[in-house]
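Here is a short report to read alongside your sequence and structure. Keep the viewer open and follow along.

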Amino acid sequence: MLDTMLTVSTALLGFSMVIAAIGVAATLTLSVDERTRELGMLRAIGLTGEQLRSLLTLEAALLALGGAVAGTALGGLYGVLAARSVTGEGLSLAFLPYGTVTLVLAAAALLGVAASVLPARRVRRMRIVQALHAP
């Protein structure tokens, strides 16, 4: 029964990570729309399209990683509190599976990078003069 619950929890984690990646992509797309003039100015003062794409990719990875770290911390806290309330043993039964947590954080960062592909491509194709005259 415990293996079944773990499988279901892992599947739910996978679905939530995909939904989070869609959210990161939407956030970056809106960010690109709102910062068109700023990005055009960066291109005008000499930032290459590749450097700008790298900047957005890093921004997406940090955004996804920040969400994953916050979620992991809150999930760990809730897990410890739930174990404490059920067993009455205190914190002695709580442990953190470091390998799994590291894998989930790495996957979140990679999903953030993957979510940045379309917004970064859009920024790279942006014409400087049109970006500077954007409303």
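## Helix packing and salt bridges

In this predicted model, Leu13, Met17, Ala21, Val24 and Ala25 of helix α1 touch Val104, Ala107, Ala108, Leu111, Gly112 and Ala115 of helix α4. Sorted by type, the residues of this α1–α4 contact are 10 nonpolar, one polar and no charged. Helix α1 covers residues 2-34 and helix α4 residues 98-115; their axes come within 8 Å and cross at roughly 35°. The crossing of α1 past α4 is right-handed.

Helix α4 also holds Tyr98. Is Tyr98 buried or exposed? Tyr98 counts as exposed because its relative accessibility is 61%, and the cut-off for exposed is over 50%. Its C-alpha atom lies 45 Å from that of Arg127, although the two residues are 29 apart along the chain.

Now to the charged side chains, where the count is five salt bridges. Among them are these:

| Salt bridge | N to O distance |
|---|---|
| Asp33–Arg122 | 2.6 Å |
| Glu38–Arg35 | 3.9 Å |
| Glu50–Arg124 | 3.8 Å |

The Asp33–Arg122 pair ties together distant parts of the chain, 89 residues apart: Asp33 sits in α1 and Arg122 in helix α5 (residues 117-124). Asp33 is partly exposed at 37% relative accessibility, and Arg122 is partly exposed at 44%.

Glu50 and Arg124 also link distant parts of the chain, with Glu50 in helix α3 (residues 49-87), Arg124 in α5, and their positions 74 residues apart. Shared partners join Arg35, Glu38 and Glu59 into one salt-bridge network. Within that network, Arg35 is partly exposed at 21% relative accessibility, as is Glu38 at 44%.

Technical notes. Residues numbered from 1 in each chain as written. Predicted model: local features only at pLDDT ≥ 70, side-chain atom pairs only at ≥ 80, totals over all residues. Heavy atoms only, no water. Axes fitted to C-alpha atoms, helices over the stretch in contact; angles between N-to-C directions. Helix = DSSP H or I, 4+ residues; strand = E, 2+ residues; numbered from the N terminus. Left-handed = near helix turned anticlockwise from the far one by under 90°. Contact = heavy atoms within 4.5 Å. Nonpolar A, V, L, I, M, F, W, Y, C, P; charged D, E, K, R; others polar. Buried < 20%, exposed > 50% of the residue type's maximum accessible area, 1.4 Å probe, protein only. Salt bridge = Lys/Arg side-chain N within 4 Å of Asp/Glu carboxyl O.
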